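This report describes selected features of a single protein chain, beginning with the packing of its helices. The sequence and the structure are shown first.

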Amino acid sequence: MEADSTSTQDASSTQVTSTAPVPTPSLPPPPPTPTRFLPLWFNDGNLVLQLGQKWIIKVYRHATETQSTLLKESFENVAAANAVHTPKAAEGMDVDHPVEGAHDDYPICLYPPAGFTDDHLLLMFQYLFPSSFGPNEPKITSSDHLPLMHVAHMYGCAKVFNKAALGYDVARYKSMSPMRRLHLAVQFDMEKWKLLALNELMGLPLFHLTEEHIQLLKSIRRPLDGVPDKNPDDLYGLILRIRTKVLSTRLKLVTASVDIARDASCSLGEHEQCNAAWLLYWSSTFIPTWIGGRVLYESEAVDLLRGPFPLLPMNKACQSTHLKTLQDSGMFTEEGEILTAGTKLAVKYHL
Ligand SMILES: [Zn+2]
């Protein structure tokens with residue numbers, strides 16, 4: 001998880017100036033010298049923060065607090081502690097002694113989560129104050145998404161978290177496996193990702209589960225109430241059950257639709273080609289796509305069946321009539337309903 005902070009450090013070294021060593025009771029001796037990060041040093045700011053050992057920034061308290069109730073509460077706690085420790089300041093005595101967070105000699109210290117760097121914490125504040133990126137669009141590398149999710153999650157900055165999560169999702173759209181998504185969804189308690197991952201795990205009957213995956217899914221138990229008794233007592237069992245139902249509807253599609261109704265515009269002889277074209281198409285293209293690969297939604301299945309059959313063409317009128325028959329039979333929507341019901345049940349297990 002340790003990210004390479006060297007390049008960030010080099011890139012930002014042109015933007016920063018050193019401050020004098022800070023002799024402050026907030027820092028343990030011997031104090032390392034934090035550096036002002038100029039893009040986040042607002043002269044009219046009213047909140048001075050030290051980020052780990054490395055950075056010191058001056059931002060706007062109210063603007064920061066609106067992004068995170070967790071930060072708001074911790075700043076209020078600091079203010080309360082200040083009021084206790086500097087009662088004379090309130091009485092107008094000893095007013096030269098600044099309160100913590102209000103002066104760069106007395107910053108409020110924040111730290112990154114274990115395993116992450118001060119630069120990751122800095123990046124979160126850059127996203128809280130996007131003008132710090134300058135006139136250019138913020139450039140976040142794909143290796144920053146996950147650390148940013150961790151930092152934003154720890155400090156309760158939902159907007160930054162969602163932005164990072166979206167970036168992570170987009171960058172890995174094709175390659176993020178449903179198990180990986182499920183891991184992250186549980187770690188960060190992301191309801192939407194849980195639903196997506198479970199839906200995908202159930203709708204991909206051939207998605208390979210390793211022994212490790214199976215052990216994990218078996219360890220996810222259902223609560224005593226909330227899930228009907230007839231359902232399996234672990235998530236692995238439930239996923240297999242839904243997969244079986246899904247495969248069964250797909251098998252029905254194959255076996256129940258061999259007879260193609262002949263349109264009036266199609267001659268008896270020509271219609272033999274329709275039958276052959278359909279058999280060839282579903283066995284060579286449609287069924288392999290439908291069974292494996294990825295979740296195929298109803299609209300995609302319909303699009304696939306509406307397109308040209310590459311190996312042997314089918315009479316257009318017969319093809320669209322046949323597609324309508326399949327749609328009217330509710331086979332596609334039936335699968336959607338099975339997945340929706342299965343997913344709803346699955347999130348009730350102790351994820
Ligand atoms: Zn025909």
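In this predicted model, helix 9 and helix 15 cross at roughly 125°, and their axes come within 9 Å. Helix 9 is therefore oblique to helix 15. The crossing of the two helices is right-handed. On the side of helix 9, the residues that meet the partner are Leu195, Leu198, Asn199, Met202 and Gly203; in helix 15 they are Leu339, Gly342, Thr343 and Ala346. By class, this contact of helix 9 with helix 15 comprises 5 nonpolar and 4 polar residues, with no charged ones. As a general point, an α-helix has 3.6 residues a turn, so residues three or four places apart point the same way.

Helix 15 (residues 331-346) also packs against helix 13 (residues 298-306), at an angle of about 155° and with the axes 9 Å apart. Because of this angle, which lies over 145 degrees, helix 13 is roughly antiparallel to helix 15. The crossing of helix 13 with helix 15 is again right-handed. Glu298, Ala301 and Val302 of helix 13 make the contact with Phe332, Thr333 and Gly336 of helix 15. The residues of this contact divide into 3 nonpolar, 2 polar and 1 charged. The two packings are set out below.

| Helix pair | Angle | Axis separation |
|---|---|---|
| Helix 9 and helix 15 | roughly 125° | within 9 Å |
| Helix 13 and helix 15 | about 155° | 9 Å |

Helix 9 (191-203) is preceded by a loop that joins it to helix 8 (178-188), and Asp189 is found in this loop. Asp189 is not a glycine, yet its phi is positive, at about 55°. Is Asp189 buried or exposed? Asp189 counts as exposed because it has 10 C-beta neighbours inside 10 Å, and the cut-off for exposure is 12 or fewer.

Helix 5 (residues 118-128) presents another setting: 10 of its 11 residues are buried, so this helix is largely enclosed by the rest of the structure. The buried residues of helix 5 include the acidic pair Asp118 and Asp119. They also include His120, Leu121, Leu122, Leu123, Met124, Phe125, Tyr127 and Leu128.

Strand 3 (residues 47-51) is likewise mostly covered, with 5 of its 5 residues buried. Leu47, Leu49 and Leu51 point one way from the strand, whereas Val48 and Gln50 point the other way. Strand 3 pairs with two other strands. With strand 4 (residues 55-59) the pairing is antiparallel and runs over 5 bridges; within it, Leu49 has Ile57 as its bridge partner. Strand 3 and strand 4 form a hairpin with 3 residues between them, and Gly52 in the turn has a positive phi of about 60°. With strand 5 (residues 108-110), strand 3 pairs in the parallel sense over 3 bridges. Gln50 of strand 3 stands opposite Cys109 in strand 5.

For the chain as a whole, there are 15 helices and 5 strands. Of its 351 residues, 25% are buried. Among contacts in the chain with a separation of 6 or more, 60% are between residues 24 or more positions apart.

How values were computed
Residues are numbered from 1 along each chain as its sequence is written. This is a predicted model: local features need pLDDT of at least 70, side-chain atom pairs count only at pLDDT 80 or more; totals for chains, interfaces and linings use all residues. A residue is buried if 20 or more other C-beta atoms lie within 10 Å of its own, exposed if 12 or fewer, and partly exposed in between; C-beta atoms are placed from the backbone. Helices (H or I, at least four residues) and strands (E, at least two) are DSSP runs, numbered from the N terminus. Two strands pair if DSSP finds at least two bridges between them. Axes are lines fitted to C-alpha atoms, for helices over the stretch in contact, and angles run from 0 to 180 degrees between N-to-C directions. Angles under 35 degrees count as roughly parallel, over 145 as roughly antiparallel, 65 to 115 as roughly perpendicular and the rest as oblique. A crossing is left-handed if the near helix is turned anticlockwise from the far one by less than a right angle, and right-handed if clockwise. Two residues are in contact if their C-beta atoms, placed from the backbone, lie within 7 Å. Ala, Val, Leu, Ile, Met, Phe, Trp, Tyr, Cys and Pro count as nonpolar, Asp, Glu, Lys and Arg as charged, and the others, Gly among them, as polar.
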